[in-house]
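This briefing introduces a protein model together with its ligand. Please examine the sequence and structure shown below before reading the points that follow.

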Amino acid sequence: MREAELSIALQRGLIDELVALDQDPVSLSEVEQRYTAQGMPVKPLQASIRDLIAGRTKVSDFDLIYSAGLYDYLDDKVAKRLSAVLFAALRPGGRLILTNFLKGTKDTGWSEAFMDWFLIYRDQADIEAFADDIPNEQIARLHQYQCPTGSIGYVSIRKKS
Ligand SMILES: C[S@@+](CC[C@H](N)C(=O)[O-])C[C@H]1O[C@@H](n2cnc3c(N)ncnc32)[C@H](O)[C@@H]1O
């Protein structure tokens with residue numbers, strides 16, 4: 001979540017609360033020390049995707065939900081279910097942004113061989129399909145883009161006001 005350090009809105013106090021959700025207590029402890037303890041409005045929340053989908057952890061009223069570095073681990077069915085749960089947690093007019101490493105990303109062989117880091121690489125159509133379980137009539141706009149190096153694909157889904 002190093003991008004928090006680049007967020008001008010967060011630095012200027014324009015964000016009421018940023019909830020950092022992860023299942024890993026060590027990652028959350030780093031978030032706590034690095035941001036919360038420094039006075040930033042960052043709330044670490046320990047939960048798994050399973051908790052969210054089963055409704056054991058409830059989330060609601062977000063203007064923006066952003067997932068980086070997670071969907072690459074999820075199969076299509078779980079990815080679609082999770083996206084519907086996250087979309088339901090948005091306020092009217094809110095935005096859900098999801099990311100996934102793209103097929104054709106350079107050096108995936110190196111990552112797998114030397115880092116033992118196996119991800120599910122997807123194309124833009126696969127990433128757009130994350131929205132399949134979201135009721136169509138609730139979507140104001142869905143659009144896709146990718147990072148300048150063609151490594152990460154994004155889908156942005158805005159909820160109707
Ligand atoms: C590549 S890291 C990205 C971390 C963070 N999102 C970021 O962008 O800095 C992947 C993270 O996904 C978390 N993760 C993987 N599977 C998960 C699950 N089923 N539920 C919750 N978190 C999960 C891991 O604990 C890990 O911290």
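How far apart do the C-alpha centres of domain 1 and domain 2 lie? They lie 20 Å apart. The model is predicted, so local features need pLDDT of at least 70 and side-chain atom pairs count only at pLDDT 80 or more, while totals for chains, interfaces and linings use all residues. Residues are numbered from 1 along each chain as its sequence is written, and side-chain values use heavy atoms, with hydrogens and water left out.

**Domains**
- The protein chain is divided into domain 1 (1–46) and domain 2 (56–159), with bounds from an automatic or database domain assignment.
- Each of these two domains contributes at least three residues to the shell around the ligand.

**Ligand surroundings**
- Residues around the ligand, meaning those with a heavy atom within 4 Å of it, include Met 1, Ser 27, Ile 49, Leu 70 and Tyr 73.
- By class, this shell holds six nonpolar, four polar and two charged residues; Ala, Val, Leu, Ile, Met, Phe, Trp, Tyr, Cys and Pro count as nonpolar, Asp, Glu, Lys and Arg as charged, and the others, Gly among them, as polar.

**Polar contacts of the ligand**
- A polar contact is here a pair of N or O atoms within 3.5 Å.
- The side chain of Asp 22 has an N or O atom 2.5 Å from an oxygen atom of the ligand.
- Backbone N or O atoms also approach ligand nitrogen atoms, at 3.4 Å for Gln 23 and at 2.9 Å for Ala 68.
- Of the 590 Å² of accessible area that the ligand has on its own, the protein covers 67%, by the Shrake-Rupley method with a 1.4 Å probe.

**Backbone angles**
- Most residues other than glycine have a negative phi.
- Asp 61, which is not a glycine, has a positive phi of about 65°.
- Asp 116, also not a glycine, has a positive phi of about 55°.

How values were computed. Polar contact = N/O pair within 3.5 Å; in protein donor to acceptor, adjacent residues only side chain to side chain.
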